[in-house]
Amino acid sequence: MSHYGSQSMIAPLQSVLVRRPDASFGAADPARWHYTARPYLPLAQQEHDAFVNTLLGHGVEVVYHDAPLPDHADAIFVHDPALITDRGAVILRMGKPLRAGEEEAMALTLQRLGVPILSRLHGAATAEGGDLLWLDERTLCVGLGFRTNPAGFDQLGEALAGSGVELVPVQLPYFEGPEACLHLMSLISLVDRDLAVVYRPLLPVPFYQLLQARGVELIDVSDEEFATMGTNVLALAPRLCLLLEHNHATRRALEAAGCRVVTYRGDEMSLKAEGGPTCLTRPVLRG
């Protein structure tokens, strides 16, 4: 891989990392990992293979992150351990203790691909990729909650100093507490520069006002489809969206807004494990 840079949520997706569900995922204890049920590994792998084929079918280069990670069920959610910038990768530090160790495994894969390591979070700092939303190429919104803390925000600012990127803190709600997975991108997915899918009841008011000031039109996800990750939409390009297949109302709303929507089946790898299409992918190159 000769190119990298992904300071966007919506520019055409060119290269992406994924991780196929392995024995650790299949052995996941639902209570320990906060899953709704234990995944059935053969079906999860079939779902993932079909998901990858969908990406390939839209011209995306797919690279497997296969560094050994025993007893790391959440490692299939490759979005979280790193942030890719135009200057290289920032290796994050997971806020969920069970995910510790994913960071350096991701760093090894990125180095193998020729992506330079710009910085590593350290000490008490935590940040996960699901809390890091590029509103545009120079504005990074950072969700502050149970997974990303103020020290993580500060170290991200240090890593991006001199790059022209502004960091915007977004205070996240308590919702279901520290064991649940509530990232900033649990509440919003950008699908174009001026269009986002949101769960409005949990949007922090200052963040909502920022979206309004930027002229971002909001597509509301219902309570029912928020529970099935209707807000978790991967933009393959502006207004070309990849969405979990169960979210029919969200799909219709996206199509009414002029989007083309592709769906995937994720009963085992997504719905049981709290991770949608953005979580399953770490964009390495967009543009």
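**Exercises: strands, rings and one threonine**

A hairpin of two residues takes you from E9 to E10. This is a predicted model, where local features need pLDDT of at least 70, side-chain atom pairs count only at pLDDT 80 or more, and totals for chains, interfaces and linings use all residues. Residues are numbered from 1 along each chain as its sequence is written, and side-chain values use heavy atoms, with hydrogens and water left out.

**Exercise 1.** Work out how E9 and E10 pair, and how covered E9 is.

*Solution.*
- Find the strands: E9 spans residues 188-192 and E10 spans 195-198. Strands here are DSSP runs of at least two residues (helices, H or I, need at least four), numbered from the N terminus.
- Check the pairing: the two run antiparallel, joined by four bridges; strands pair if DSSP finds at least two bridges between them.
- Pick a facing couple: Asp 192 sits opposite Leu 195 of E10.
- Look at burial: five of the five E9 residues are buried, meaning under 20% relative accessible area, while exposed is over 50% and partly exposed lies in between (1.4 Å probe, protein chains only).

**Exercise 2.** Place Thr 126 and list what surrounds it.

*Solution.*
- Start with the loop: Thr 126 lies between strand E5 (117-120) and strand E6 (132-136).
- Next, accessibility: Thr 126 has a relative accessible area of 12%, so it counts as buried.
- Then the neighbours: setting aside those within four places in sequence, Thr 126 is in contact (heavy atoms within 4.5 Å) with residues including Arg 93, Leu 121, Arg 147 and Gly 152.
- Finally, zoom in: a polar atom of the Thr 126 side chain is 3.2 Å from the backbone oxygen of Arg 147.

**Exercise 3.** Classify two of the aromatic pairs by geometry and exposure.

*Solution.*
- Set the rule: rings of Phe, Tyr and Trp (its six-membered ring) pair if their centres lie within 6.5 Å; planes under 30 degrees apart are stacked, over 60 edge-to-face, the rest tilted.
- Count: the structure has six aromatic pairs.
- Take Trp 33 and Tyr 35: their centres are 6.5 Å apart and their planes at 40°, so this pair is tilted. Trp 33 is buried at 2%, and Tyr 35 is buried at 7%.
- Take Phe 146 and Tyr 174: with 5.6 Å between centres and 80° between planes, this pair is edge-to-face. The two residues are 28 residues apart in the chain. Phe 146 is partly exposed at 39%, and Tyr 174 is exposed at 55%.
- One last ring: Phe 25 joins Trp 33 and Tyr 35 in one aromatic cluster.

Conventions
Polar contact = N/O pair within 3.5 Å; in protein donor to acceptor, adjacent residues only side chain to side chain.
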